[in-house]
Amino acid sequence: MRKILHVDMDAFYASVEQRDDPALRGRPVAVGGRSGRGVVCAASYEARPFGVRSAMPMAHARKLCPDLIVVPPRFAVYKEVSDVVRGIFRSYTDLVEPLSLDEAYLDVTEPKRGPRSATLIAQSIRREIHEATGLTASAGVSFAKFFAKVASDLDKPDGLSVIQPHEARAFMAALPVEKFHGVGPATARRLHGLGIRTGADLQSWDEAALRQRLGKTGGWLYRLGQCDDTRPVRPHRVRKSVGVERTFSHNERGEAAILARLEPITSELVRRLDTHGLAGRTVTLKLKTARFVQSTRSASFASPVWQEGPLATIAAALLARPEVPDSPLRLVGLTVSSLVPLADVDGVQLSLEL
């Protein structure tokens, strides 16, 4: 039986800012852009009761929390802290799969040091992180990546939760599909349409029926419902791109309508780039017509892109080059590739011309 941990730093960017500036401690803080198009990269736990969340437009966050303190991100500092945390991880196991600067999976089935108990290892790691950085981390312990990931979110902040193999099926049965790691709002709506709202509902379906209605996703969900997650921890995973796409509930046509649809897509893309600590030199706009004809338009730049304003400008320019599609669109996506670590990027983003 494998022993898998998922360790997640608590409100990472915001916690670093509160650590380094005592005046911010105990106050609602959001890390992100201050401009009208700014997006929340991270929110402190004091800001969250007001409804402030990552990926939210900063203007909306300010309305929800008038006393919100907005702090610009310092990615070089976050990278330094992340390197310290990953050093602690690797002192226990070489099987570390980072998901972003602030979270990772660890396989501690055969630890390099410490106790044999995965729970005790998780306790030790959290203690060492706090001693080395002054920050807290939450951890989930289980036999599979899915359950470790879900467990790490059960007792935040500064918590530790364990899901044993014999508890997994009952735990899954009670879990709302919205809490499934990897199930987004669109998939959750499709599942609700099929009458699947919890793991118990999912467990009542056979695999063939789920595949018929949901394709490959149906097979993956069936396996999760049966608590079958054999994915290994992959220590050398290299991300090649970061993207967001949306299928519309009704087809869209015309420049204004498509640009309006691109706004939340761009905001979410910025959030994901921030989460992974990445920027990129190539931006690709994906378009799919109502007749399922797909096309892409790309542009590459000498300076890496990661901020919302330049990305929105590039997306609008790509939409108009060579011309705005005349056919109704059912899907639009935006992707950044040719990735580089954000910590290695100059803090000033140069002007970009297509």
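Reader: What makes cysteine 227 count as buried?
Author: The cut-off decides: buried means under 20% relative accessible area, exposed over 50%, and partly exposed in between (1.4 Å probe, protein chains only). Cysteine 227 has 15% relative accessibility, so it counts as buried. A note on the source: this is a predicted model, in which local features need pLDDT of at least 70 and side-chain atom pairs count only at pLDDT 80 or more, while totals for chains, interfaces and linings use all residues. Residues are numbered from 1 along each chain as its sequence is written, and side-chain values use heavy atoms, with hydrogens and water left out.

Reader: Where is cysteine 227 placed, and what is its phi?
Author: Cysteine 227 is in the loop between helix H10 (216-225) and strand E9. Its phi is positive, about 60 degrees, although the residue is not a glycine. Helices (H or I, at least four residues) and strands (E, at least two) are DSSP runs, numbered from the N terminus.

Reader: Why is aspartate 158 called partly exposed?
Author: Its relative accessible area is 43%, so it falls between the two cut-offs. Aspartate 158 also has a positive phi, about 55 degrees, without being a glycine. The residue is in the loop between H5 and E8. Proline 157 is in the loop between helix H5 (145-152) and strand E8 (160-162), and the peptide bond from lysine 156 to proline 157 is cis, with omega near -10 degrees.

Reader: Which other proline follows a cis bond, and what is its omega?
Author: Proline 322 does: the bond from arginine 321 has omega near 5 degrees. Proline 322 is in the loop between H12 and E12.

Reader: How do you know that the chain agrees with a compact globule?
Author: The radius of gyration is taken over C-alpha atoms, and the globule rule is 2.2 Å times the number of residues to the power 0.38. For 354 residues the rule gives a value near 20 Å; the chain has 21 Å, which agrees. Its C-alpha trace spans about 60 × 55 × 40 Å along the principal axes, and 47% of the 354 residues count as buried.

Reader: What makes E9, E12, E10 and E11 a sheet, and which strands are its edges?
Author: Two strands pair if DSSP finds at least two bridges between them. The four strands form an open, antiparallel sheet in the order E9-E12-E10-E11. The edges are strand E9 (241-252) and strand E11 (294-305), since each pairs on one side only. From one strand to the next the twist averages 15 degrees. Inside the sheet, strand E10 (residues 278-289) and strand E12 (residues 329-341) are joined by eleven bridges, with leucine 285 opposite leucine 334 in E12.

Reader: Which helices lie across these strands, and at what angles?
Author: Helix H11 (residues 255-276) lies across E9, E10, E11 and E12, at about 155 degrees to E9. Helix H12 (residues 308-320) lies across E10, E11 and E12, at about 140 degrees to E11. Axes are lines fitted to C-alpha atoms, for helices over the stretch in contact (heavy atoms within 4.5 Å), and angles run from 0 to 180 degrees between N-to-C directions.

Reader: How do you know that the span of H11 is close to the expected one?
Author: The expected span is 1.5 Å times one less than the number of residues. With 22 residues, H11 is expected to span 32 Å, and from its first C-alpha to its last it reaches 31 Å, which is close.

Reader: Where in H11 is the kink, and what is the bend there?
Author: The kink is at glutamate 263, shortly before proline 264, and comes to about 25 degrees. The bend at a residue is the angle between axes fitted to the seven residues ending there and the seven starting there. Buried residues of H11 include Leu262, Ile265 and Leu269. Glycine 277, with a positive phi near 65 degrees, follows the helix.

Reader: Why is strand E5 described as largely enclosed?
Author: Four of the five residues of E5 (residues 96-100) are buried, so the rest of the structure largely encloses this strand. E5 pairs with strand E6 (residues 103-107) in the antiparallel sense over four bridges. The two form a hairpin with two residues between them, and valine 96 stands opposite leucine 106 in E6.
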